[in-house]
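Student: Could we go through this model together? I would like to know what stands behind the words we use for it.

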Amino acid sequence: MLVHSKAARRAVHSVFFLLFVPVFALPLLVIVAASFATNWSGALPSGATLTHYQDIVRGDSLDALVTSVLTALAASTAALTAGTWAALAAEKLGPRTRRVLDALFLLPVAVPSVVVGLSLLVAFSRPPFLLNGTPQIVITAHTVLVTAFAYQSVTAALARLDPAYEQSAAGLGARPAYVLWRVKLPLLLPSLTAAIGLCFALSMGELSATMMLYPPDWMPLPVQIFAATDRGSLFAGAALAVVLMATTLLVLLAVSRIRTRATYR
Amino acid sequence: MVAVRTPAVRESVGGRAPGAPRAVLWALPPVAALALVFLYPLALVAWQSLTPDDGGHSLTPYATVLAETSFREALGNTVLIALGATLGALLLGLALALVIAFVPFPGGKALSRFIDLFLAFPSFLITLALLFLYGTVGVANGLWTDATGAATGPLNFLHTPWGVLLAEVTYFTPFVMRPLLAAFSQVETGQLEAAASLGARPWRIVRTVILPEALPSLAAGGALVLVLCLNEFGIVLFTGAKDVVTLPMLVYTKAILDGDYTGACVVAVINIALSVALYALYRTVASRAAGARRGRRKGPRTAAGSGGDPRRAGA
């Protein structure tokens, strides 16, 4: 407790909420409110309607949602596999090789996503790998971008893991593969589900690399939102954004439920 | 049981010593995959940037791009906006984190979870929201026209660099707050009480007790946000202003709208150089911050929640 007088504390808190509410809470609320409106030229939106949502159910926006979910599922699964494998392998390496691996797997965070998109476009538009114009190139881009987060979460979880479990299992004669499968991975399960949730959320919202290389028949939701706002349909764009946020939230919630069930076991 | 945890025993029980050739072999498959989908494409980008359209290999594409006013403007815009947004996010994040940590109020925990959630959403949503808040037909201007009867409101800054700046400060402030809150949770409340009982005013306690403790995390958070701002694309794209062009935007325009892949690759290489250099700096600062904290206190909880947290890990 830094401020002891009640009045001063109230003053600090009111300044806090004056900063916090317009900057953080309002944007999300405003998008939700706008998605149910047709017009916003006063303090509050007007022309309450559900048409934007009805249009989504009828139009090709539903395809975009399915596309986004499929891309995010594929990318987060691939990223989790690669990231976990790399993190487990890095643990056994010497400190110097390990630092190289860390740097390699964290590099995609530092490289602009647009450039990741451009590089895949340049590399996979020519033989021997012709992926340009396929859904696979979008999934590959998303995987590259989110693997770093999977790698980093699993590495952090491994550092927190008590080595005694692994040692007792090995000391009792379990083979390394058995230790990994029956001891280490179950202990890591909460972190793994958290990591896949994070990867899924990031992939759902990925726009920069996707803008560079999405084919016309594989258009994820963020691109659709941009297309809507770019042609001036801000309210339809807001409805799509709400769908995007709701889907992400639902998946994160589901994943956190798996997590709590796993910790009880 | 405690004795089992010492490193010496760990190696003998674990069988293999770290760094054994088999361990390197196990690391190869993921590295090979990364090389195929990330390093090889990047190498091709660098190679393409040295390949002018009229054949051969030379530095002429760089000379061409560097001579363009649009590139110089984009570079200036990118650096200025990134610096401004980082400064803004640092100040706002520090102020908000100080209140959450040291002037607690009911619901503060829920608030920091809300901030975590914020990180799971894409950045362009902020620009979309700002259009409804401060756009030409948004809430703020609507209030103004309702109150004064004027035809248009006073706010029309969203399509200027200020709009991008506001959106980036909003979006990136949580990235500063997370490591700061982790650092603040390590500050001994006893120290604060002692300083207060010796007559130090709150501002002085913040300056002399809390800030030195949080400085490494602040530096790490700032460096990370600077890199992310340099690379930000969604916010700029959604702003849709012709006169706010940043380096990632220029890469997109050159490649997709103009079809000038060589030019796009040149800008990309320059952008990568800038960001990766800064990111290396961030990693150094962050690991030093984590090391300093670990050195000061030896307890089980110091290993977690270090200042070197990834961009959104654990959101």
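Tutor: Gladly! Let's start with residues 64–88 of chain A, whose end C-alpha atoms lie 35 Å apart. This is a predicted model, and in it that span is 100% helix and 0% strand.

Student: How do you know that residues 64–88 of chain A are listed as a "transmembrane region"?

Tutor: That comes from UniProt, in an unreviewed entry, which lists residues 12–37, 64–88, 100–125, 137–159, 187–214 and 234–255 of chain A under that name. Such annotations may be inferred rather than shown by experiment. Residues 187–214 are another of the listed spans; there the end C-alpha atoms are 38 Å apart, with 86% helix and 0% strand.

Student: Why are α3(A) and α2(B) called roughly antiparallel?

Tutor: Helix α3 (residues 61–91) of chain A and helix α2 (residues 21–49) of chain B pack at about 150°, and their axes are 9 Å apart. Angles over 145 degrees count as roughly antiparallel, so the pair earns that description. As for handedness, α3(A) passes α2(B) in a left-handed crossing.

Student: What makes the contact of α3(A) with α2(B) nonpolar, polar or charged?

Tutor: Look at who takes part. From α3(A) come A:Ala82, A:Trp85, A:Ala86, A:Ala89 and A:Ala90, while α2(B) brings B:Ala23, B:Trp26, B:Ala27, B:Pro29, B:Pro30 and B:Ala33. Ala, Trp and Pro count as nonpolar, and the tally is therefore 11 nonpolar, no polar and no charged.

Student: How many residues do chains A and B bring to their contact?

Tutor: On chain A there are 76 residues in contact with 86 residues of chain B. Helix α1 (residues 6–35) of chain A gives the most to chain A's side, with 13 residues. By class, that side has 55 nonpolar, 17 polar and four charged residues.

Student: Why are α7(A) and α8(A) described as roughly antiparallel too?

Tutor: We can use the cut-off again. Helix α7 (residues 163–171) and helix α8 (residues 176–204), both of chain A, pack at about 165° with axes 10 Å apart. That angle is over 145 degrees, so α7(A) and α8(A) are roughly antiparallel. Their crossing is right-handed.

Student: What makes two residues of the α7(A) and α8(A) contact charged?

Tutor: In α7(A), A:Tyr165, A:Glu166, A:Ala169 and A:Ala170 meet A:Val179, A:Val183, A:Lys184 and A:Leu187 of α8(A). Glu and Lys count as charged, so A:Glu166 and A:Lys184 are the two charged residues, alongside six nonpolar and no polar ones.

Methods
Residues numbered from 1 in each chain as written. Chains lettered and ligands numbered in written order. Predicted model: local features only at pLDDT ≥ 70, side-chain atom pairs only at ≥ 80, totals over all residues. Helix = DSSP H or I, 4+ residues; strand = E, 2+ residues; numbered from the N terminus. Axes fitted to C-alpha atoms, helices over the stretch in contact; angles between N-to-C directions. Parallel < 35°, antiparallel > 145°, perpendicular 65-115°, else oblique. Left-handed = near helix turned anticlockwise from the far one by under 90°. Contact = placed C-beta atoms within 7 Å.
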